[in-house]
Amino acid sequence: MEELLALTAFCAIVAMLVLPIATVVLLVNLRREHDSGLLALKAELRNLRREVDKLLGTASSLPETPPEPQAAASPAFERPTEFEPEVTEEPLAHPQVEAPAGSEPFDEEPSKEPAEPTLASLMARKQAGAAFSEEFRKITPSPPREPHPWETAAKETLHRIWNWIIVGEEHVPQGVSMEFAVASQWLLRIGILILVVGIGFFLKYSVEHGLINEVGRVALSTITGLGMLIAGTRLLGRRYHVLGQGLLGGGLAVLYFAVFAAANFYHLIEQPPAFVLMGVVTVLAGGIAVRFNSILVAVLGIIGGYGTPIMLPTDVVNFPGLYGYMLVLGIGVLGICYWKSWRLVNYLSFVATYGLFFRAMADYDKATHFWQVFPFVAAFFALFSTMTFLFQLVNREKSNLLDLLALLANAGIFYAVSYGLIEPLYGQRWVAAVTLALAAFYTGHVLFFLNRRIIDRELLVSFIGLAAFFLAVTMPLVLSNQWITVSWALQALVMLWMAGKLGSRFLQQVSYLLYGIVLFRFGLIDLRNQFLQAPPAAEMALGEYLRQLAERLVMFGVPIASLGGAYRLLSRPETEGGRLVDRDNDVPEWLRGTWAVRLAVGIPLAMLFVYLHLELNRTVGFLYEPVKLPLLTLLWLAMCGLLLWEALVRESRPLLVVLLLFVGGVLIKLFVFDLPGWGVTDGFLYAGAYSFRDAGLRLIDFGAVVGFLAAAYAWLGGREHARKAGVFLGACSLGLLFIYLTLETNAFLHGYLDGLRYGGISILWSLFALGLILRGIGKRVPELRYLGLALFAIVAWKVFFVDLSELDQFFRIIAFIVLGILTLCGSFIYLKYQDRFTLLSMDEEELDALDGEEREVDEPEEGEEDS
């Protein structure tokens with residue numbers, strides 16, 4: 001059950017990581033082929049339309065003459081050969097336009113200076129051309145999708161295997177009926193199979209009834225096998241060539257019977273001589289199959305060889321004997337792979353080997369059989385991994401989809417079996433040794449391909465992907481859960497560096513995928529476990545908390561630094577001459593370089609911001625709670641300042657939008673979290689007695705935001721692309737300053753001069769209104785003036801309807817006198833600058849000139865000042 005679960009988990013992981021990559025590769029290739037075909041079709045249509053326009057223009061300039069019986073078609077305008085519709089109706093009649101006077105008679109060569117066409121002729125040409133284009137578009141079939149060579153090779157391989165299974169040949173011979181091909185092949189195969197099984201039953205029957213002694217049984221089987229080989233050899237190259245192939249395959253199977261029975265069933269010979277004899281039979285089988293180019297001999301030999309342990313089972317558990325026998329058979333198949341591309345033989349050997357392996361594992365005991373089993377599992381893995389690409393490597397042919405599926409299946413089975421064997425005995429740490437060895441194994445294949453300059457993109461990409469996958473799987477097996485993200489972040493950075501050195505786009509995309517997994521774990525697992533679901537910090541000792549703080553700095557700092565390093569690597573210019581991976585051996589770029597660089601900048605900044613926010617909230621809250629809110633506000637403002645700087649330098653509207661979103665976040669933080677954190681009550685007072693320490697912290701909290709918004713208004717207001725954003729931030733600055741001063745003044749007066757509290761608020765608002773009017777007049781901003789006047793009106797209403805009833809008599813006198821003076825100051829300002837309101841029709845330059853004249857009149861000349 002554990003092996004099944006491990007195999008299922010591995011298949012799920014492979015499906016999650018490898019299948020999307022393969023799907024994207026196929027989709028990109030299909031999209032490119034479709035686009036190229038569509039562009040070619042459009043170009044052909046444009047050429048045809050241009051030729052039609054030429055023909056119509058020529059016809060419109062001709063005099064009306066009866067058409068010739070058969071006109072020669074223009075060589076540039078030929079109907080495509082893909083469709084030849086019969087035309088039973090009369091040809092399309094083009095509108096006849098009278099030729100202008102003095103036009104030359106028509107000949108083969110059109111006139112270089114044709115007469116100016118009339119409006120009617122132009123309209124006729126346009127209509128005729130549109131009609132022809134529409135008809136041509138209707139009858140033109142859409143170009144069929146051309147399959148990728150990868151798909152074509154896989155389909156062709158399956159087709160050959162199917163043909164051999166049905167008729168015994170990769171292609172049906174010409175002049176041979178299907179009945180003869182099927183009957184002759186299948187009768188031969190069934191007959192040989194029945195004969196071999198009958199010999200096996202004879203051996204079993206003789207054992208049970210004691211008819212022949214053990215040596216005689218083995219000798220009789222050997223003689224029968226050799227006799228079948230001799231008879232089959234004599235029939236080769238003659239009329240009964242196919243029958244000879246069947247006898248050869250059956251003879252090899254009988255010889256496998258004999259050797260296996262002598263060693264494992266009767267124990268007549270020891271294991272070393274048995275392996276030597278099986279090796280001789282295997283070499284003989286491979287040599288006969290390759291020499292006579294007979295896949296039938298190889299298939300029958302495999303069926304007989306792998307069927308022997310089933311036909312002659314033993315009651316003794318002998319893993320080395322059984323698996324050693326299977327390994328020898330596999331080596332024989334590997335030898336055939338060097339000379340022949342018989343994928344059916346490879347797949348039969350693969351299925352039979354692992355089928356017998358899992359069948360025998362029913363008697364496995366982990367306490368005694370581990371070292372008898374695991375070395376053979378590793379040997380089977382290496383054997384079938386090499387078998388998938390040996391012929392292609394030797395003959396410089398490219399692999400197909402079936403080869404890569406076999407490669408992935410072999411790796412998955414080996415990992416699942418290794419996990420099931422090692423984990424119960426030694427734990428996950430030693431399973432990590434297997435995954436690390438697998439990563440090194442496939443890395444060696446990659447280096448071999450690069451050194452030999454072997455062009456097989458799909459196979460090389462598979463090796464790189466498997467190496468990266470097993471290296472990524474190693475980290476969770478070795479490290480604890482909290483360090484997995486750190487290890488994957490470092491691995492992604494190393495992969496990206498290697499991709500730059502090798503010039504491999506596929507390895508670069510794999511590093512992007514690993515960075516995506518790092519980002520997922522960072523945001524949804526690590527942050528949640530370390531901050532949202534962590535135990536309260538107040539219950540910890542200082543030393544324990546500092547130790548956890550150091551761990552968090554490494555745990556979250558390394559992924560952020562890794563993405564920063566990725567930005568540095570991606571920012572470097574790519575050198576074409578330093579590529580070790582050829583373009584033909586690589587995949588197209590899935591994520592453009594500019595987008596990758598942008599993401600490598602934005603994502604780590606966002607990760608750093610989120611981590612620092614949570615860390616400051618937790619750590620400062622543990623060390624000194626009162627400074628937590630101002631520090632968090634300063635962190636938000638630092639992020640806003642960075643965005644503001646980038647928006648100014650790059651003049652980017654998207655960055656302005658992000659800046660406004662962050663400013664909105666700061667304002668939400670102040671009103672939703674900070675004000676309740678300071679204990680604001682329904683009476684707009686802070687809870688508890690007024691504290692100058694808290695007042696100073698609130699000054700930092702609100703004052704920093706007000707100052708930033710004012711600075712942003714000053715910097716953005718003069719930029720054409722950011723003027724509206726600057727005005728918005730300036731308005732937010734004024735509004736926030738007004739609210740902060742009102743709350744702080746209210747709380748201060750409540751604590752020290754409660755009788756003047758209502759009048760003090762009115763005085764503050766009057767000062768604010770006076771400042772708005774001054775700024776509005778000085779900068780010629782009517783909105784500020786109107787806002788100041790509205791605030792004066794609110795103050796006047798408040799004085800007469802609220803302050804009169806709430807103020808003491810003494811403070812009422814002070815408040816009214818001060819408010820009256822401030823109101824008179826507002827009136828004085830309007831009177832002083834009355835010229836600005838009588839000359840509203842002047843433009844800005846005229847008003848500036850008027851200001852300059854006023855300054856010259858007010859300032860005395862140098863001679864007058866001396867006198």
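The structure holds zero disulfides, and it should be read as a predicted model. Of its cysteines, Cys732 is buried, with a relative accessible area of 15%, whereas Cys825 is partly exposed, with a relative accessible area of 30%. The points below turn to the nonpolar cores and then to a nonpolar patch on the surface.

**Nonpolar cores**

- The largest nonpolar core has 111 residues, and those with the most contacts inside this core are Tyr323, Phe357, Val373, Phe380, Leu421, Tyr442 and Phe470.
- Helix α15, which spans residues 457-478, gives the most to this core, contributing 13 residues.
- Apart from this core lies another one, made of 38 residues, among them Leu667, Leu670, Phe708 and Ala722.
- When residues up to four places away in sequence are not counted, Phe380 touches Tyr323, Met326, Leu327, Thr353, Tyr354, Phe357 and Asn410.

**Nonpolar surface patch**

- On the surface, Ile668, Phe671, Val672, Phe673 and Ile739 make a nonpolar patch of about 450 Å².
- Helix α21, covering residues 653-677, supplies the largest share of this patch, namely four residues.
- Ile668, one of the patch residues, is found in helix α21.
- Ile668 counts as partly exposed because its relative accessibility is 49%, and partly exposed residues are those between the limits of under 20% for buried and over 50% for exposed.

Terms used: Residues are numbered from 1 along each chain as its sequence is written. This is a predicted model: local features need pLDDT of at least 70, side-chain atom pairs count only at pLDDT 80 or more; totals for chains, interfaces and linings use all residues. Side-chain values use heavy atoms; hydrogens and water are left out. Patches are made of residues with over 30% relative accessible area and no salt bridge: like charges are joined within 9 Å, nonpolar side chains (Val, Leu, Ile, Met, Phe, Trp, Tyr) within 5 Å. Accessible areas come from the Shrake-Rupley method with a 1.4 Å probe; for residues, only the protein chains shown count as cover. A salt bridge is a side-chain nitrogen of Lys or Arg within 4 Å of a carboxyl oxygen of Asp or Glu. Helices (H or I, at least four residues) and strands (E, at least two) are DSSP runs, numbered from the N terminus. Buried means under 20% relative accessible area, exposed over 50%, partly exposed in between (1.4 Å probe, protein chains only). A nonpolar core is a set of buried Ala, Val, Leu, Ile, Met, Phe, Trp, Tyr and Cys residues joined through side-chain atoms within 4.5 Å. Contact means heavy atoms within 4.5 Å. A disulfide is a pair of cysteine sulfur atoms within 2.5 Å.
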